[in-house]
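Thank you all for making time this morning. I would like to take you through one model, region by region, and I will keep to what can be computed from its atoms.

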Amino acid sequence: MPIKQIWGMYWSAAGTTETIVRTAAREIGERLGAPVQYYDFTEAAARERAPAFEKDDLVVFGTPTYAGRVPNLLLPYVKTVRGGGALAVPLVTFGNRDFDDALIELRDLLEEDGFRPFAAGAFACQHAFSETLAAGRPDGDDLAALRRFSAQAAEKARAGMDGLVAVAGTPKPYRGYYQPRDRAGNPIDIRKVKPKTSDACDNCGLCAALCPMGSIDPDDVREVRGICIKCCACVKKCPQNAKYFDDPGYLYHKSELEAAYARRAENAVFL
């Protein structure tokens with residue numbers, strides 16, 4: 001069956017998953033001669049609805065890796081998406097450590113939603129916590145590799161090779177979420193850590209608009225009234241550099257990641 005519509009659907013607080021998904025969707029669309037549309041479900045309001053997919057669609061679906069898995073706060077929404085028999089290319093991004101079971105989990109979620117995941121990939125991107133860990137990624141080499149993968153995926157779709165793609169990872173029920181630890185092996189729990197705001201803040205409200213959980217109070221941006229998932233969109237995109245984290249456990253975990261995973265992580269593709 002010819003593919004009539006390509007979709008790029010993604011959650012991307014930092015913008016890197018968006019880059020990966022849009023690049024792949026454009027390449028596949030060009031190869032198959034099909035129009036491309038995008039659905040960004042990063043903002044909380046966008047997760048109140050979802051596009052309806054059909055059997056002659058192909059959906060490039062992307063999320064970041066959080067603690068080695070699909071971000072758990074996105075699971076309820078992802079489970080509501082209905083594939084309608086559409087082909088799917090699950091893509092995950094990861095912050096230079098590892099994607100662990102994120103890709104196999106996303107593949108399984110999409111299959112359960114009624115998609116046909118036939119190609120998949122994991123791409124290293126700059127870590128949300130860090131200015132140095134995988135800085136600048138995805139870079140030119142990453143995007144060239146992504147376009148080659150996307151061209152292969154397009155040819156596979158054209159040939160009707162739509163069997164369930166095998167990917168790396170531990171099958172369901174998967175491994176537990178990655179647990180940061182100190183050097184004595186004690187767990188570090190940063191789940192309740194929230195960003196602080198310095199006096200440099202001019203109350204522009206950008207951080208509240210950017211927060212994908214809608215957790216920053218737009219009337220008082222110093223108040224984080226809901227869950228913080230440490231995407232660091234408010235930190236990295238604040239024009240006054242007024243948002244920051246000072247929790248000792250968070251800062252220790254960040255420094256350990258930067259020290260242990262300074263090497264260039266490899267991307268992984270599955271066809």
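What follows is a short tour of a helix, a pocket, some single residues, the cysteines and the backbone.

Before we start, please keep in mind that this is a predicted model, in which local features need pLDDT of at least 70 and side-chain atom pairs count only at pLDDT 80 or more, while totals for chains, interfaces and linings use all residues. Residues are numbered from 1 along each chain as its sequence is written, and side-chain values use heavy atoms, with hydrogens and water left out.

Let me begin with helix H3, residues 102–112, where helices (H or I, at least four residues) and strands (E, at least two) are DSSP runs numbered from the N terminus. H3 is mostly covered, with nine of its eleven residues buried, and here buried means under 20% relative accessible area, exposed means over 50%, and partly exposed is in between, for a 1.4 Å probe and protein chains only. The buried residues include Leu103, Ile104, Leu106, Leu109 and Leu110, and also the charged residues Glu105, Arg107 and Asp108. What covers these residues? The cover includes strands E3 (57–64), E4 (87–94), E5 (116–117), E6 (120–124) and E9 (268–270), together with helix H2 (75–78). On either side of H3 the backbone deserves a look: glycine 114, just after H3, takes a positive phi of about 100°, and aspartate 100, in the loop between E4 and H3, has phi near 45°, a positive value in a residue other than glycine. Aspartate 100 is itself buried, with a relative accessible area of 16%.

Now to the largest pocket, which has a volume of about 1000 Å³. A pocket is defined on a 1 Å grid over the protein atoms alone, as an open set of points where a 1.4 Å probe fits, with protein on both sides within 12 Å along at least five of seven lines, and lining residues have an atom within 4 Å of a point. Grid points are joined across faces, edges and corners, and the volume is the space filled by probe spheres set on the points. There are 44 lining residues, of which Tyr66, Ala67, Phe129, Ile229 and Lys230 lie nearest the centre of the pocket. The elements that give two or more residues to this lining are helix H1 (16–32), E4 and H7. By residue class the lining divides into 23 nonpolar, 14 polar and seven charged, where Ala, Val, Leu, Ile, Met, Phe, Trp, Tyr, Cys and Pro count as nonpolar, Asp, Glu, Lys and Arg as charged, and the others, Gly among them, as polar.

Helix H7 spans residues 248–260 and holds histidine 253, which counts as buried because its relative accessibility is 8%. Leaving out residues up to four places away in sequence, histidine 253 touches Phe129, Tyr178, Pro180 and Ile190, a contact being heavy atoms within 4.5 Å.

Arginine 183 sits in the loop between helix H4 (140–158) and strand E7 (196–197), and is exposed, with a relative accessible area of 71%. With the same sequence neighbours left out, arginine 183 touches Tyr252 and Glu256. Its side chain is joined to that of glutamate 256 by a polar contact of 2.9 Å, meaning a pair of N or O atoms within 3.5 Å, where within protein one must be able to donate a hydrogen and the other to accept it, and residues adjacent in sequence count only if both atoms are side-chain atoms. The two residues are 73 apart in sequence and 9.4 Å apart in space, C-alpha to C-alpha.

How many disulfides are there, taking a disulfide as a pair of cysteine sulfur atoms within 2.5 Å? The count is zero. For cysteine 125, the closest cysteine sulfur, in cysteine 231, is 14 Å away, and therefore too far for a bond. For cysteine 228 the closest is in cysteine 234, at 6.4 Å, which is also too far.

I will finish with two cis peptide bonds. One runs from arginine 137 to proline 138, with omega near 10°, and proline 138 lies in the loop between E6 and H4. Another runs from lysine 172 to proline 173, with omega near 20°, and proline 173 lies in the loop between H4 and E7.

Technical notes: A disulfide is a pair of cysteine sulfur atoms within 2.5 Å.
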